[in-house]
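Work through the exercises below with the model open. Each task is followed by a solution in steps.

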Amino acid sequence: MALKAIRAGIRNETGITAALRLLGERFGDRFQTGEAIRAQHAHTTTYIPAQLPDGVVYPDDATEVEAIVAIASEHGVPLIAFGTGSSLEGHVNAPHGGISVDMSRMDKVLEVNASDFDCTVQPGITREALNIYLRDTGLFFPIDPGANASIGGMASTRASGTNAVRYGTMKDNVLAVTAVTAGGKEIRTAHRAKKSSAGYDLTRLFVGAEGTLGILTSITLKLQGIPELIAGGVCSFPSVGDACNTVILTIQSGIPVARIELLDALQMKASNAYSGLAFPEAPTLFVEFHGNAESVALQSKQFAEIAAEFGSSEFKWTANTEERNALWKARHNAYWAQKSLAPGLAILSTDVCVPISRLADCVEATHEDIAAHGLIAPIVGHAGDGNFHVGLLFDDKDDADIAKAEAFVARLNGRALEMDGTCTGEHGIGQGKMPFLQDELGDALDLMRQVKRALDPGNIFNPGKIFAM
């Protein structure tokens with residue numbers, strides 16, 4: 001990406017003025033135009049500059065979302081759905097101005113069907129809040145991106161997380177959505193059946209659309225039974241290649257690992273300091289198994305044997321809840337640990353994903369690239385599905401350093417594409433990854449544009465994201 005590509009778009013001043021007045025009349029103090037609140041709703045956790053909306057509205061239900069969309073459609077005003085603001089590629093920016101639709105008040109669990117292992121929720125509920133609600137049912141929702149993101153945001157960005165190697169990503173765990181489209185009416189994409197051959201797969205169309213086709217008003221999710229036993233452990237390796245090859249052989253051996261996370265030596269240094277750990281500052285795997293006592297013991301033994309082949313330290317695992325929680329809290333805090341390495345610098349968190357057989361090649365080449373260019377860039381990844389992240393620290397006030405950072409990101413994405421991978425495994429495209437999506441999919445973007453024009457002819461839903469119109 002290049003910062004120069006993140007520029008303001010054309011504003012419909014007349015339409016925005018009219019929409020501000022109408023929304024103020026309809027929603028009263030649930031419509032805000034103060035600069036501080038608008039700035040919070042252009043928040044990005046990367047270095048992409050904020051582009052503020054003109055107002056923020058807080059709907060309570062789908063009927064109010066329909067009213068908001070009707071006003072926006074009539075006056076040609078952009079709408080940007082907002083969950084918790086934890087996205088990493090400028091998804092919630094408003095390059096054309098417009099209205100941020102904050103879904104935080106739509107945070108209810110609408111239905112739990114424990115016997116069918118599914119539930120329906122409003123988009124504003126966070127993943128942690130949902131699992132607290134489900135705790136007494138014996139079920140849980142397994143998708144866990146690093147942030148406590150909203151379910152609507154997770155669906156919109158096709159999020160993933162540490163459990164994806166066993167439970168899949170959001171695209172595998174959303175059965176249906178309801179959404180308000182440009183016509184101002186709520187539509188439903190599917191019912192609760194676990195499979196269907198009924199027409200186009202509209203659910204998958206909305207999952208990962210990054211809010212560019214409509215605003216989600218409910219999401220029906222698959223749930224999982226809480227395992228009888230959960231055990232986790234840690235082992236370190238002589239090199240990052242050894243750690244990656246352990247992951248590859250573990251997956252190829254069919255060991256049903258639930259989580260297998262890679263942290264390179266610099267990330268371990270950062271996580272030790274930030275989270276109060278005391279592990280070796282060496283390439284490390286965090287691993288977790290779900291099952292019963294017998295299966296977990298067997299899987300741990302099999303993994304330990306594979307890891308030993310690649311020179312690992314002794315693999316020690318535990319079923320102690322407090323110890324496991326400390327481990328995974330440290331993993332989920334990796335971004336903040338990275339920032340703590342150089343508090344005066346900005347951070348660009350970027351991700352790629354490659355076929356599992358190419359993981360070692362891609363990570364080792366990226367390590368060599370980082371060293372050759374003198375960068376500070378710890379690596380952490382959901383290694384079990386070939387997805388890894390680089391937290392690049394740089395001076396965002398120095399043009400030369402910005403150029404150096406952007407050149408690295410371009411090389412990283414090019415490397416992943418050369419290995420038949422993707423420019424993003426879970427962060428999404430937003431604004432930051434737009435050039436690389438063109439490289440990845442080429443003429444297929446024209447088909448995406450046709451879909452966008454058909455569903456959103458006025459281009460009001462999150463314009464300026466994924467691809468240029």
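The exercises go from the whole chain to single strands, a helix, selected residues and a cavity.

The model is predicted: local features need pLDDT of at least 70, side-chain atom pairs count only at pLDDT 80 or more, and totals for chains, interfaces and linings use all residues. Residues are numbered from 1 along each chain as its sequence is written, and side-chain values use heavy atoms, with hydrogens and water left out.

**Exercise 1. Overall form**

Task: Decide what the radius of gyration of the chain says when set against the value for a compact globule.

Solution. Step one is the reference: for 469 residues, a compact globule would have a radius of gyration near 23 Å. The radius is taken over C-alpha atoms, and the globule rule is 2.2 Å times the number of residues to the power 0.38. Step two is the comparison: the chain has 22 Å, which agrees. Step three adds the extents of the C-alpha trace, about 65 × 60 × 40 Å along the principal axes. Step four turns to burial, where 55% of the 469 residues count as buried (under 20% relative accessible area; exposed is over 50%, partly exposed in between; 1.4 Å probe, protein chains only). Step five takes the contacts (heavy atoms within 4.5 Å): of those with a separation of 6 or more, 73% link residues 24 or more positions apart.

**Exercise 2. A sheet and its edges**

Task: State in what order the four strands of the open sheet lie, and which are edge strands.

Solution. Start with the inventory, which is 17 helices and 18 strands. Both are DSSP runs numbered from the N terminus, helices being H or I with at least four residues and strands E with at least two. Two strands pair if DSSP finds at least two bridges between them. On this basis the order is β1-β2-β4-β3, with mixed pairing. The edges are β1 (31–32) and β3 (79–82), each pairing on one side only. As a check, β1 runs antiparallel to β2 (residues 55–57) and is joined to it by two bridges; Phe31 stands opposite Val57 in β2.

**Exercise 3. An enclosed strand**

Task: Find which strands pair with β12, and say why β12 is described as largely enclosed.

Solution. First, β12 covers residues 229–236, and seven of its eight residues are buried, so the rest of the structure largely encloses it. Second, eight bridges link β12 to the antiparallel strand β14 (residues 284–291). Third, β12 also pairs with β15 (residues 316–318), again antiparallel, over three bridges. Fourth, Gly232 can be followed to both partners: Glu288 stands opposite in β14, and Thr318 is the bridge partner in β15.

**Exercise 4. The covered residues of a helix**

Task: List which residues of helix α10 are buried and what covers them.

Solution. In α10 (residues 265–275) the buried residues are Gln267, Met268, Ala270, Ser271 and Asn272. Their cover includes β13 (259–263), β14, α12 (321–332), α13 (334–340) and β17 (379–382). After α10 comes Gly276, with a positive phi near 70°.

**Exercise 5. Two buried residues**

Task: Place Val240 and Ala182, and give what each touches.

Solution. Val240 is found in helix α9 (residues 240–252) and is buried, at 8% relative accessible area. Leaving out residues up to four places away in sequence, Val240 touches Leu262, Pro283, Val363, Glu364 and His367. Ala182 is found in the loop between β8 (174–180) and β9 (186–188) and counts as buried at 17%. With the same exclusion, Ala182 touches Val69, Ser73, Leu455, Asp456, Pro457 and Phe461. Ala182 and Ile215 are 33 residues apart in sequence and 9.2 Å apart in space, C-alpha to C-alpha.

**Exercise 6. A cavity and a positive phi**

Task: Describe the largest cavity, then examine Asn462 in its lining.

Solution. A cavity is a set of points on a 1 Å grid over the protein atoms alone where a 1.4 Å probe fits but cannot get out; lining residues have an atom within 4 Å of a point. The search finds one cavity of 30 Å³ or more, and the largest has a volume of about 40 Å³, the space filled by probe spheres set on points joined across faces, edges and corners. The lining consists of Thr212, Lys452, Asn459, Asn462, Pro463, Gly464, Lys465, Phe467 and Met469. Asn462 is found in the segment after α17 (444–455), has a positive phi of about 45° although it is not a glycine, and is buried at 4% relative accessibility.

Note on methods
On a 1 Å grid over the protein atoms alone, a cavity is a set of points where a 1.4 Å probe fits but cannot get out, and a pocket is an open set with protein on both sides within 12 Å along at least five of seven lines; lining residues have an atom within 4 Å of a point.
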